[in-house]
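Visitor: Please take a close look at a single part of this model, and then set that part beside the rest of what can be described here.

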Amino acid sequence: MPPIATPETLERIQPAATAPDLLRNFCIIAHIDHGKSTLADRMLQMTGVVEERLMRAQFLDRMDIERERGITIKSQAVRMPWQVGEQAFALNMIDTPGHVDFSYEVSRSLAACEGAILLVDAAQGIEAQTLANLYMAMEHDLAIIPVLNKIDLPAAQPERFAEELAGLIGVEPEECLLVSGKTGAGVEELLDQIVAQIPSPQGQVDAPARAMIFDSVYDTYRGVVTYVRVVDGHLSRGQKVQMMSTGDTHELQEIGVISPDPTTAAGLGVGEVGYLITGAKEVRQSRVGDTVTTQNDPATEPLAGYRDPQPMVFSGLYPIDGSDYPALRDALDKLKLNDAALDYEPETSVALGFGFRCGFLGLLHLEIVRERLEREFDLDLIATTPNVVYQVTMEDGTEVEVTNPSEFPAGKIASVTEPTVTATILTPSDFVGPVMELCQNRRGVMEGMDYLSPERVELRYTLPLGEIIFDFFDQLKSRTRGYASLDYEAAGEQDADLVKVDILLQGEQVDAFSAIVHRDKAYSYGVMMTGKLKELIPRQQFEVPIQAAIGARIIARETVRAIRKDVLAKCYGGDISRKRKLLERQKEGKKRMKNIGRVEVPQEAFVAALATDGGGDS
Amino acid sequence: MSASVTPPSTPERAVDRGRHARPTQPLDLAGTASGAQQRDFGVYVHIPFCAVRCGYCDFNTYTATELGGGASQDAYADTAIGEVRLARAAMDAADLPPRPVRTVFFGGGTPTLLPAADLTRVLQAIEDTWSLAPDAEITTEANPDSVTPQTLAELAAAGFTRISFGMQSAVPHVLATLDRTHDPARVPQAVAWARAAGLAVSLDLIYGTPGESLTDWEQSLRAAIEMAPDHLSAYALVVEPGTKMAAQVRRGELLMPDDDDEAGKYELADALLTEAGYHWYEISNWATTPDHQCRHNIAYWRSQDWWGIGPGAHSHLGGHRWWNVKHPRPYAAAVESAHLPVAGQERLTAQQRQDERVLLEVRLSRGMPLADEQLLTELVADGLAQPGPAGDGLVVLTTRGRLLADSVVHRVLGLA
């Protein structure tokens, strides 16, 4: 058995009474599927924090969606005892979110650590996402322990990827640890190396308290649970604390550590990681990145790096059954308690009825919110094609911010700016051509290209955010047989020749399908969308033209021919009940019909048109 | 076995679920007597046998002669007569006034697969049970192959007034696709024999068979008109799930025509039949004179009362609809044990009766009363309803309206 600390040595590592030099704070940087959660599970087991019989896969991921998708949305921190020689240490493992949408939260998690395990699948090598987080960890001066996981896999190539990792962080390939989260091989050695290689936290014990919030979670029973790393001073139960960004004060009703369940403590000292409960009702009162200090002896300077989360991607969310609108509003209100980045305001669509225009950090954030609304609140939703925010300057100098394409102003436009990102793409060198072609199609400008190894290339592009939020990642995956990975970060704004394409049904604009696209792509969008709607809109008693237009100019047209026959020829004794029941079902279905002018369209047609891919690149 | 052990189900319930279980239920006719005197009463008799099952057919019919017991072809007439007697008893028990039967319709299946004597006995039993109105319309369906001058004369002598032949098409490749085995040349012969026996004649045609061209359809129409029947029905082929033809379509062996093709064929039928002196009186039915309209079917469309005899047959009495068990064997078993063979039933709400009236009466040339003048005006403006009758508050469909009758129903019921 591994050297679990004894009761005597455990005394020395109690919360609020642990010397900083006995603390190690670390996180794990890994790509989705590279086995972070499994490794974390194994550490919990080996340090005795979770008994084997209570172990369930991915213990730390709390939400169903996280467990099913195998990704971590919200981070958490677990305190684990570990003994090296005669000395017991307290290890705080801070679990970081694993997706580009949450990179700000990742940066705060990193800021709470002194070291990071760089965990890479020994069969796949490093991915763009991981690389981006690695660079971020290096910027924070974290000690990096390179680890190759899944060495039990037959396809593992530890030598090859050890070279790659060693090259990236400037160590010898032999220094990469080889582990298997699945079998537990190498995990003890890894725990020892965490103690050996990761510096203990430094802070001023006697200074006014400063603790950084790296996560904030709403709990139905407890209200907001705030996760902090104490940098200076000390926090104690019962104290009045202050959020430095807002000046709001709260009483510390409870303070403690997670091991692996919340365990109350007298307080938290320098370098310690734990949770606070203040009675706050929504996570906005306790924002990630903010600094907590005490009201009696407040710090003067907040810790660096706080920023407000800004939505980057917008989409309209509509209930399929209009009567669910109040339920959707309540559900969004509830999600907001737990999601400081979620923004929404009511909007109305001719095609879709009443809904909300929602702002998200990115596409995954959108998908997760939508999935939680559908799953946890039992709502059926339609989401409009996501868009970014545009700044439109009119010739008379007025400026309009557009978060919904149907609100794009008419009239004389002087300029339109769109947000851009710098994207990093890692791909096997065989697929460089197709990846470059994709990026060019999406108006990308190449900023650089480096070979990480003869087989792997890092491409850097500046791309309009609007070009990558829809299906770019799917396209990238399909062009590289799934091997490429992508990371991006905001890179400001640029002017672009953008136009609004409207879709008209019998001359009536269908707002949900308006799109802001580059002038060069307007025609193909128009052809694609009119063609798709032609297949989906049922024939009416009259001919229905479907047009795509820029302003008053028609750029594409399809026609749904008038229906000539809808009746069944036979209707005798035994057919009557059947026919009436069909009529009754149609009455039910009527609720889901939308009228655009005289044209009656089942909501499913709009949903199908919005659900399928954009198809712009194939 | 220990007495304290409770089995998961009682022996009685286990028997209920076994193969001897009766899949029937008691018929609840409470309240159906109200207004009965104002409603016509008819009888439908289902004959669930065919020599060959056609690929498109989803009717309740069987090609075996020996289904066993009262379900066999030779015992079937007696079983049907048994249901007739049970029907009368049930109506009496529900205080439904005895009304003479105004129409009887033998359908199938192929009724004429049974000996004429069997059909005659069933008809006689109906007469003995309820009496027949003096001008009663008595129809049987028939396959042109399954009649002879003798059988037709026997039926006429027994009181049958009308025969409806399943002609379907005059074009051999269309008949082949439909699995119809009769020789097209046999149809005029059968029609002549029926006329000679004194029967009014109707022909059934099917359009929209895979592979049928507009010219094929015109040929069939002209062949039918040539025979000068008193009545004609033309049905668009509907491929029902579970039929052999549905499988052929699914496998891509047959290509179904689209709705526009069927619309064109309907328009052609309406034009040629009108030119030949026929008048439409229901979406799929034309007659030379009002006397030759099928009164039995009109009763369905006007929500009159009728009792359906036979497996799978549907019935309607005063807003109560029910249907019999489908298979002839449990059907026969129920009748033999003196139970009505009811498989399911529904009591229509006022709204449901109103919905049915709209969807049925709109099909008729006599028109459907509609109080909403604005909607009447719109239907006329859209070319769906005829302007003349609209002035009298009636929806009488135009040719275009007949093809789009479902839309008209939706608009009348506020669904569109």
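**A helix and its setting**

Guide: Helix α5 of chain A is followed by A:Asp141, a residue with a positive phi, near 60 degrees. This is a predicted model, in which local features need pLDDT of at least 70 and side-chain atom pairs count only at pLDDT 80 or more, while totals for chains, interfaces and linings use all residues. Residues are numbered from 1 along each chain as its sequence is written, and chains are lettered from A and ligands numbered from 1 in the order in which they are written.

The helix itself (a DSSP run of H or I of at least four residues, strands being E runs of at least two) covers residues 128–139 of chain A, and because its 12 residues at 1.5 Å each (counting one less than their number) should span 16 Å, the 17 Å between its end C-alpha atoms agrees with expectation. Buried residues (20 or more other C-beta atoms within 10 Å) of α5(A) include the run A:Ala128, A:Gln129, A:Thr130, A:Leu131, A:Ala132, A:Asn133 and A:Leu134, and A:Ala137 is buried as well.

Elsewhere in chain A, an open sheet is built from 4 strands in the order β18-β19-β17-β20, with antiparallel pairing (at least two DSSP bridges). Its edges are β18 (343–349) and β20 (381–383), each of which has a single partner strand, so one side of each is left without a neighbour in the sheet. Neighbouring strands here are turned by 30 degrees against each other on average, direction ignored. For the edge strand β18(A), the partner is β19 (residues 353–360), to which 7 bridges join it in the antiparallel sense, and A:Asp343 stands opposite A:Gly359 in β19(A).

Turning to the second chain, 22 residues of chain A are in contact (C-beta atoms within 7 Å) with 34 residues of chain B. On the side of chain A that touches chain B, helix α14 (residues 575–590) gives the largest share, with 8 residues. The axes of α14(A) and of helix α12 (residues 350–361) of chain B, lines fitted to C-alpha atoms, come within 10 Å and cross at roughly 105 degrees (on a range from 0 to 180). A:Ile576, A:Lys579, A:Arg580 and A:Leu583 make this contact from α14(A), and B:Gln352, B:Asp355, B:Glu356, B:Leu359 and B:Leu360 make it from α12(B).

Chain B as a whole holds 16 helices and 14 strands, and 46% of its 416 residues count as buried. Among its contacts between residues at least 6 apart in sequence, 73% join residues at least 24 apart.

How values were computed
A residue is buried if 20 or more other C-beta atoms lie within 10 Å of its own, exposed if 12 or fewer, and partly exposed in between; C-beta atoms are placed from the backbone. Two residues are in contact if their C-beta atoms, placed from the backbone, lie within 7 Å.
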